[in-house]
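I wanted to work out how the strands and helices are arranged here. These are my notes.

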Amino acid sequence: MGLFRRKRGQGQVRSASKADTSHLDEWASTRQGVEAYVEPRTNVTDTTVVLVAHDGEWTRRRIANFEAASDFARKRSMPLYEVERVGYPKRMREYQERRKREGGSR
């Protein structure tokens with residue numbers, strides 16, 4: 001009887017935009033030792049890339065697909081890893097813990 005029917009517009013995955021790429025570009029250009037970690041597409045989100053700086057600071061944005069993430073990293077001479085294969089770097093977790101202790105939130 002339509003109990004599980006979705007309303008129009010709900011449940012759609014938002015695609016990567018130029019604003020996403022611009023954010024990643026700006027963020028990477030103002031940090032040192034940045035590495036890229038690709039997260040696969042899920043039912044909820046499109047493919048994303050997490051950029052992690054040398055100190056563990058990080059940001060995440062959507063990206064079109066793995067190839068786009070690879071191109072992004074290659075053009076900026078940064079290493080690219082697949083999160084499903086290597087996990088997240090320890091410094092990223094340590095950064096989060098420092099922020100929690102300092103009272104900051106992400």
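The entries below go through the sheet, then the helices.

Entry 1, the model. I am working from a predicted model.

Entry 2, the sheet. I looked up the strand order and found an open sheet of four strands, S3-S2-S1-S4, in which the pairing is mixed. I checked which strands sit at the edges: S3 and S4 (80–82), each of which pairs on one side only. I also noted the twist, which averages 25 degrees from one strand to the next.

Entry 3, S1 with S2. I found S1 (residues 35–39) antiparallel to S2, with five bridges joining the two. As a reference point for the register, I recorded Leu51 in S2 as the bridge partner of Ala36.

Entry 4, S2 with S3. I listed S2 as residues 48–52 and S3 as residues 58–62; this pair is antiparallel, with five bridges. For the register here I took Val49, which stands opposite Arg61 in S3. I then looked at the connection: S2 and S3 make a hairpin, and five residues lie between them. In that turn I noted Gly56, whose phi is positive at about 100 degrees.

Entry 5, the helices. Which strands does H1 touch? I found that H1 (residues 18–29) packs on the sheet and touches S2 and S3. The direction of H1 makes about 160 degrees with that of S3. I next looked up H2 (residues 66–75), which lies across S1, S2 and S4. Against S4, H2 runs at about 150 degrees.

Entry 6, a reminder on faces. Side chains in a regular strand alternate between the two faces of the sheet.

Notes
Residues are numbered from 1 along each chain as its sequence is written. This is a predicted model: local features need pLDDT of at least 70, side-chain atom pairs count only at pLDDT 80 or more; totals for chains, interfaces and linings use all residues. Side-chain values use heavy atoms; hydrogens and water are left out. Two strands pair if DSSP finds at least two bridges between them. Axes are lines fitted to C-alpha atoms, for helices over the stretch in contact, and angles run from 0 to 180 degrees between N-to-C directions. Contact means heavy atoms within 4.5 Å.
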